[in-house]
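Subject: Structure handover

Hi,

Here is the structure for you to load. My notes on what was found follow below it.

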Amino acid sequence: MMAATLLACDWGTTNLRAWTLDASGAVVAGREFPFGVSKLAPGEAQRRFADDVRPGLGADTLPAILCGMVGSNLGWRLAPYADCPVNLADLATHLVQPSGAPDVRIIPGVRSLGFNGQGDVMRGEETQLFGWLAAHPERARGRHLVCHPGTHTKWMVVEDGRLTAFVTAMTGELFAVLGAHSVLRSDVPPDDLDAFDQGVASAGDGGGLAARLFTARARVVGLGASADSTSSYLSGLLIGADVAATPGLLGTGTFDSMALLGDARLCGLYDRALRARGHATETFDGETAAVAGLFALHNMGQRT
């Protein structure tokens, strides 16, 4: 194993994932820390990084590159958004150095006017996207649709290696809120694939979602469906509506490929919903893409 030359971190709202990488970008060691930026007091991020992250990975003297919400107004230092469209080199020119940390760089997020002119933003997903491109350079040609499922699912258009448009759907957050604080609340895990498929089918074209959501209750109290299937049906309904309607907000045109990037379980559900609508997809691991993106942006930043 080669010696570590870089500390790479994906520092989100709820947790922090950190890796040391060798000169080729391979992972030497990795660790997760339970202090996302939402759990930190103002000014605490720099201390946590120096006192916990660096020594936790034996990386006290390594240069470091960070992505995610650490660059927001909740994090260590605000890294202003880069404007879409953007490529890897553009993003590297916007890297930010926090005060008092000359060997640390923070990757900015990306902003756009959005599908309706009211704006859209991301932090962290852009790093995974460009890591995916770095690991699959053939995808730097043509037009591709990349979906990053999550609390705030991102649908991203990549054209000849540039992120040209994206839309955020609050699918995961809706599922969490409705499942905990509405008449659809349930403590049963969403692991009933038959009920999930029923929800996907019931999503139709994704329109009239507020009305379609009530079917998750009506099917139980009116038609005798098992209450234990509600969370799975709700998951299918929300993901089904997302895959049916959200890509259309990105405009017309065909794609050379459709990719899913992120958590394997969530990507599996999106793949199931997309295939039900006749779309073929490929799935790629989000952590692998994050590491590749951090490494690629560090190297590009060294050259800009």
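**Strands and sheet**

Strands β1 (residues 6–11) and β2 (residues 16–21) run antiparallel and are joined by six bridges. One of the pairings links Trp11 to Leu16 in β2. Bear in mind throughout that this is a predicted model.

The wider sheet is open and has five strands. Their order is β3-β2-β1-β4-β6, with mixed pairing. At the edges sit β3 (27–33) and β6 (104–106), each paired on one side only. On average, neighbouring strands here are turned by 15° against each other, direction ignored.

A helix lies across this part of the model. Helix α9 (residues 286–303) lies across β1, β2, β3 and β4 (64–67). Against β2, helix α9 runs at about 60°.

**Helix α7**

Helix α7 covers residues 230–245. How far apart are its end C-alpha atoms? They are 22 Å apart. That agrees with expectation, because 16 residues at 1.5 Å a residue should span 22 Å. Helix α7 is also mostly covered, with 14 of its 16 residues buried.

**Asp271**

Asp271 belongs to helix α8 (residues 264–276). Is Asp271 buried or exposed? Its relative accessible area is 18%. The cut-off for buried is under 20%, so Asp271 counts as buried. What does Asp271 touch, leaving aside neighbours within four places in sequence? Its contacts are Leu260 and Thr281.

Best wishes

How values were computed:
Residues are numbered from 1 along each chain as its sequence is written. This is a predicted model: local features need pLDDT of at least 70, side-chain atom pairs count only at pLDDT 80 or more; totals for chains, interfaces and linings use all residues. Side-chain values use heavy atoms; hydrogens and water are left out. Two strands pair if DSSP finds at least two bridges between them. Helices (H or I, at least four residues) and strands (E, at least two) are DSSP runs, numbered from the N terminus. Axes are lines fitted to C-alpha atoms, for helices over the stretch in contact, and angles run from 0 to 180 degrees between N-to-C directions. Contact means heavy atoms within 4.5 Å. The expected span of a helix is 1.5 Å times one less than its number of residues. Buried means under 20% relative accessible area, exposed over 50%, partly exposed in between (1.4 Å probe, protein chains only).
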